[in-house]
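Trainee: I should like to understand how the terms used for this model are justified. May we go through them one at a time?

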Amino acid sequence: MARTKFTRQEAKQRTRKRLLGAARRLILAGGETRLTASNVARRAGVAGATFYEHFRNRDDLMRALSNDLFDQLRGKLRRRRREALAAPYDEDKVREEFRTPLEILAANPDLFRLALRVRHHPTSPLGDSSRRLTGNTRRDLVAELVARGYPADGPGERRRLEMIADIHIAATEVLALGYLAGRYTDIDEMVGMLILVTHGTRLARKWRDGAARESHDAAANMR
């Protein structure tokens, strides 16, 4: 059987993927301390010098690995949000939007725990990426809330929308951890709880109108 021939560029891309794959396995198994150029090269089955043909140093590898690990998660979450916004009154779409992050986190427990573990490491490229993922998710959720008609004209309203987004992020992560720990076993029930949370945060849609009515009533009383 003839061996497949690759161009130089294709072969280089394949080697880079092998290095990233080896780094991913190492870091999910033991954290950043096990991630060295020699360990990654050995696990990938390439010479140590080959590592430096693809990455300048360990931090360069960490940044590439971070993008590879966390950007995929954000892409999947954003796709579900777009689908839910396209059909705002479709309850099934809303349920799928809440179900998707739970299923992703449940299916990738090592990655999920890694993201939580490194989130507060100030000098870690993985920590930077984890915080960026949370920040991007927060911004995505705020944009969705604005698209759904939540008030966002002033700094106070924007701040409250960020609070709502953080509530949803925290609730999703806590439920996912409960699922992984075996405390919760029914994802449908967990989705229902997340939807229940939205029933409270939907009151925020009235804050702007309520403030306007209070201002109008106060002006009327002064006449």
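Trainee: Which residues of H2 are called buried, and what makes them so?

Mentor: In this predicted model, the buried residues of H2 are Ala37, Val40, Ala41 and Ala44. The term requires a relative accessible area under 20%, so each of these four falls below that cut-off.

Trainee: How do you know on which side of H2 they lie?

Mentor: They cover an arc of only 95° around the axis, and therefore they sit on the same side of H2. An α-helix has 3.6 residues a turn, so residues three or four places apart point the same way.

Trainee: What is notable about the backbone just after H2?

Mentor: Glycine 45 follows H2 directly and takes a positive phi of about 80°.

Trainee: Why is the set that includes Leu35 and Val40 called a nonpolar core?

Mentor: A core is made of buried residues of nonpolar types joined through side-chain atoms within 4.5 Å. The largest such set has 29 residues, and Leu35, Val40, Leu61, Phe70 and Leu126 touch the most other members. At least two residues come from each of H1, helix H2 (37-44), H4, H6 and H7, with H4 giving the most, eight residues.

Trainee: What does leucine 35 contact beyond its neighbours within four places in sequence?

Mentor: Leucine 35 is in contact with Ala23, Leu26, Ile27, Val40, Arg58, Leu61, Met62 and Leu65. Contact means heavy atoms within 4.5 Å, so a residue such as Arg58 can be listed here. Apart from the largest core lies another, of 12 residues, among them Phe98, Leu102, Leu105 and Ile187.

Trainee: What makes a residue part of the lining of the second largest pocket, and which residues are they?

Mentor: A lining residue has an atom within 4 Å of a pocket point. Arg8, Gln9, Ala11, Lys12, Thr15, Thr50, Glu53 and His54 meet that condition for this pocket, whose volume is about 150 Å³. H1 gives the most to this lining, with five residues.

Trainee: How is that lining divided by class?

Mentor: It has one nonpolar, four polar and three charged residues. Arg, Lys and Glu count as charged, so Arg8, Lys12 and Glu53 make up the charged group.

Trainee: What is the volume of the largest pocket, and which residues are closest to its centre?

Mentor: The largest pocket has a volume of about 870 Å³. Among its 37 lining residues, Arg81, Glu97, Phe98, Leu141 and Glu144 are the closest to the centre. By class, this lining has 21 nonpolar, six polar and 10 charged residues.

How values were computed: Residues numbered from 1 in each chain as written. Predicted model: local features only at pLDDT ≥ 70, side-chain atom pairs only at ≥ 80, totals over all residues. Heavy atoms only, no water. 1 Å grid on protein atoms, 1.4 Å probe; cavity = no way out; pocket = protein on both sides within 12 Å on 5 of 7 lines; lining within 4 Å. Points joined across faces, edges and corners; volume = space filled by probe spheres on them. Buried < 20%, exposed > 50% of the residue type's maximum accessible area, 1.4 Å probe, protein only. Arc of directions from axis to C-beta.
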